[in-house]
Amino acid sequence: KKGKVISLLNSLELQNKYFSLNSQNILNRKNFYEYQLQHSVWDIAYNNSDDHELYPSKKQIIKATVKVNSVLNNLKMNLDTKNIDTAFLSHQVYDQRAVLAYLRQKNIKIFAHANFNIHKVTKYKDNGPTFISKKVLKKVNNKIKTAVIKKYWKKVQDGKSAREETQFASKINKTTNKINQNVIMLHVFRDSPFNVLDQDRIFSDYHSWFEETLKIIKKSKEKWTVRPHPAHKKWGENSKIKINCFLKKIFGAKIPNNIHIDFNLSSNLHQLKNTKRLITFSGSSHLESACFGVKPIIISESTLERFDRNLILKPKNVEEYKKLILTKSNSKIFKLNRSQIMRAQKALYIRDNILSFNDILKAKKIYRGASKKLRTKEFYRITKYVEKNLSYFSKLGELLSKNYDQTVTKKYIRTFK
């Protein structure tokens, strides 16, 4: 009974703190522990919302707060009495963000997994599966020949990327009636943007970013194409509904003539090949854009920012963001030179071919709408591949124990002996 009363009091305390959460005060970063819990609540509330809802309702925030409180109470009951040294997380978003915050508070070592990469997470800085650590880069940098990088980039353009999502996005229709030189690449709105919490970002989430961006591009003298995420339906979202709700809220019945929403998606790579300026919150399109020679505008920390800050444009405030959008697209600030393009293509090669161990698992991407039958089949199939490669996974464990930040593919593991 005492435990239930304490749980109820904690829940009420959290609800009092987070009931007024919105897209502005979510950026309050005064207390890192509380900051993470806020994002856990915001994450869950968005994920459980409807496609017609642009922002989480109070009801969704309360439900999410109760969920986070339940997670924290379970952690306290199960971990506080045990001598836990190390924890392994399957991801870093939704309720697991609250778990991550608690583990950090207890000074427990943390490893996380995503996109077939295991990576360390420190107490005050997030890490992601596509972020190339300096230690790994130092080891593999001189091992990668320019010819190999160029060959892989050609394969990507031919729709043969090592990443399943890139393959899918590149094999949609090769042509479209409207290819504009300015493009906004969207995400799955109800999917979490908080795998890596960027405390310097100027927008709280995908929704507030897209809303403000639409208001700005309306004033642009150039034409813009807005592209939904190619796999939004696979993730259980109808982005067309979401986008139309934004358009109606901001523009009413008439959409500005300079804005084209590409609901009949063409190939991502076909669009990027004909782009002069790209904006995305933090998507992989920023990397592909740079490989084509266009310096992307990003909002939240992404692969290239940690790899080479000179390859991206990241506004420090909304005014700077507005200026980047209203500048002419043929401006030199959006162009990368030949050396920078090669750097971007190297980053792409490392992300796809060195950081992911899916080359041996050959796993298929499992989306939210996948059937139980498919999930079960994939589980047992992957288990067999893991059993066949126990020696390799043991070496990955040794690699992480030697203070490397992330795992590498089987082909490159010998480089770390």
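Trainee: Where in this structure is Lys417 found?

Mentor: Lys417 is found in the segment after helix 17, the helix that spans 390–401. Please keep in mind throughout that we are reading a predicted model.

Trainee: Is Lys417 buried or exposed?

Mentor: Exposed is the word for a relative accessible area over 50%, and Lys417 is exposed because its relative accessible area is 78%.

Trainee: Which residues form a positive surface patch together with Lys417?

Mentor: The positive surface patch is formed by Lys417 with Lys395, Lys410, Lys411 and Arg414.

Trainee: Let us turn to salt bridges. How many salt bridges does a search of the whole structure find?

Mentor: The search finds 17. To accept a pair, one asks for a side-chain nitrogen of Lys or Arg within 4 Å of a carboxyl oxygen of Asp or Glu. The side chains of Lys215 and Glu211 meet this way, at 3.7 Å from N to O, and both residues lie in helix 8 (residues 206–217), four residues apart, which is about one turn of the helix.

Trainee: Which of the words buried, partly exposed or exposed applies to Lys215, and which to Glu211?

Mentor: Buried means under 20% relative accessible area, and partly exposed is the range between that and 50%. Lys215 is therefore partly exposed, at 37%, whereas Glu211, at 10%, is buried.

Trainee: Which parts of the chain are linked by the salt bridge of Asp262 and Arg227?

Mentor: The closest N and O atoms of Asp262 and Arg227 are 2.9 Å apart. This pair links distant parts of the chain, with Asp262 in the loop between strand 6 (259–261) and helix 10 (268–273), and Arg227 in strand 5 (residues 224–227), 35 residues apart. Both Asp262 and Arg227 are buried.

Trainee: What links Asp198, Glu305, Arg309 and Lys314?

Mentor: A network of salt bridges links Asp198, Glu305, Arg309 and Lys314. Another salt bridge joins Arg306 to Glu301, with their closest N and O atoms 2.7 Å apart; Arg306 counts as partly exposed because its relative accessibility is 26%, while Glu301, at 15%, counts as buried.

Trainee: Which residues does Phe131 touch, leaving out those up to four places away in sequence?

Mentor: Phe131 touches both Glu301 and Arg306, and also Val196, Ser302, Thr303, Leu355 and Gln406. Phe131 has its place in the loop between strand 3 (117–121) and helix 5 (134–140), and it is buried, with a relative accessible area of 5%. One may also follow the backbone here, where the C-alpha atoms of Phe131 and Leu304 are separated by 8.0 Å, although these residues are 173 residues apart along the chain.

Trainee: How far from Lys346 is the nearest side chain of opposite charge?

Mentor: That side chain belongs to Asp308 and is 10 Å away, and Lys346, although buried, has no salt bridge. Lys346 has its place in helix 14, and, beyond residues up to four places away in sequence, it touches Asn141, Ile149 and Phe307.

Trainee: Gln340 is also found in helix 14. Is Gln340 buried or exposed?

Mentor: Gln340 counts as buried because its relative accessibility is 19%, and the cut-off for buried is under 20%. Helix 14 comprises residues 338–353, and, leaving aside neighbours within four places in sequence, Gln340 is in contact with Asn310, Leu311 and Lys335.

Note on methods: Residues are numbered from 1 along each chain as its sequence is written. This is a predicted model: local features need pLDDT of at least 70, side-chain atom pairs count only at pLDDT 80 or more; totals for chains, interfaces and linings use all residues. Side-chain values use heavy atoms; hydrogens and water are left out. Helices (H or I, at least four residues) and strands (E, at least two) are DSSP runs, numbered from the N terminus. Buried means under 20% relative accessible area, exposed over 50%, partly exposed in between (1.4 Å probe, protein chains only). Contact means heavy atoms within 4.5 Å. Patches are made of residues with over 30% relative accessible area and no salt bridge: like charges are joined within 9 Å, nonpolar side chains (Val, Leu, Ile, Met, Phe, Trp, Tyr) within 5 Å. Accessible areas come from the Shrake-Rupley method with a 1.4 Å probe; for residues, only the protein chains shown count as cover. Lys and Arg count as positive and Asp and Glu as negative; His and the chain ends are not counted. The place of a charge is taken as NZ of Lys, CZ of Arg, CG of Asp or CD of Glu.
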